[in-house]
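Biologist: Could you walk me through this model, one piece at a time? I'll ask and you answer.

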Amino acid sequence: MDLELDDFNTAFTSSEVVEIPLGCMGGGVIYIRALGRADVTRFRNLCKEINTRTALNIITNPDKTTEQRDADLDNAEDYLLIKSLCDRSGKLKFKDNAHFKAWSIKVDNDAVEEILKGIKEDIIDGLKQQKIIS
């Protein structure tokens, strides 16, 4: 039996889906999936850009440093949410940024914080399982 690329991707993403129970907004659960290598690399590069931009702003424009860093961090959080929120089967929730923005307007900040905490805990658990951190 030949294994098609779509079969592999489906099997991989469905085995990498994590359920996060929410305490706010009436409870319930939300699903996230592990980030692929390309998404992790893109996120690392985004973090480096944020740090570089913050360092430059401290020197060149200290009055706007905090405002720019907050905007950058919001964008980084949005990236994580867009790339990880999925349904039970691992299919991503958002087709594009406009679809995400429509969702984010309706969602309470407490829920977003819980989701981001779940993503962080999942990343840390994954690193521990890979023996990258102890």
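**A loop, a sheet and a helix**

Modeller: Happy to! Cys24 sits in the loop between strand 1 and strand 2, where helices (H or I, at least four residues) and strands (E, at least two) are DSSP runs numbered from the N terminus. This is a predicted model, in which local features need pLDDT of at least 70 and side-chain atom pairs count only at pLDDT 80 or more, while totals for chains, interfaces and linings use all residues. Residues are numbered from 1 along each chain as its sequence is written, and side-chain values use heavy atoms, with hydrogens and water left out.

Biologist: Is Cys24 buried or exposed?

Modeller: Buried means under 20% relative accessible area, exposed over 50%, and partly exposed in between, with a 1.4 Å probe and protein chains only. Cys24 has 14% relative accessibility, so Cys24 counts as buried.

Biologist: Which residues does Cys24 touch, not counting those up to four places away in sequence?

Modeller: Contact here means heavy atoms within 4.5 Å. One partner is 86 residues apart from Cys24 along the chain, yet the C-alpha atoms of Cys24 and Asp110 are separated by 6.8 Å. The residues touched are Asp110, Ala111 and Glu114.

Biologist: In what order do the three strands form the open sheet?

Modeller: Two strands pair if DSSP finds at least two bridges between them. Strand 1 (residues 17-21) and strand 2 (residues 29-33) run antiparallel and are joined by five bridges, and strand 2 also pairs in the antiparallel sense with strand 3 (residues 85-86), over two bridges. The order is 1-2-3.

Biologist: Which strands stand at the edges?

Modeller: An edge strand here has a single partner strand, so one side of it is left without a neighbour in the sheet. In the open sheet with the order 1-2-3, the edges are strand 1 and strand 3.

Biologist: Which residue of strand 3 stands opposite Tyr31?

Modeller: For the pairing of strand 1 with strand 2, one example is Val17, whose bridge partner in strand 2 is Arg33. For strand 3, the residue opposite Tyr31 is Cys86.

Biologist: What span does helix 3 reach from its first C-alpha to its last?

Modeller: The expected span is 1.5 Å times one less than the number of residues. Helix 3 has 20 residues, with 28 Å expected, and its reach is close to that, at 29 Å.

Biologist: What is the relative accessible area of Ser84?

Modeller: Ser84 lies in helix 3. Beyond four places in sequence, Ser84 touches Tyr31, Ile32, Arg33, Leu35, Leu92 and Ile119. Ser84 is buried, with a relative accessible area of 2%.

Biologist: And how does Arg69 count, by its relative accessibility?

Modeller: Arg69 is also part of helix 3. Leaving aside neighbours within four places in sequence, Arg69 is in contact with Ile50, Asn51 and Thr54. With 29% relative accessibility, Arg69 counts as partly exposed.

Biologist: At what angle do helix 3 and helix 4 pack?

Modeller: Axes are lines fitted to C-alpha atoms, for helices over the stretch in contact, and angles run from 0 to 180 degrees between N-to-C directions. Helix 3 (residues 65-84) and helix 4 (residues 97-106) have axes 11 Å apart, and the angle is about 105 degrees.
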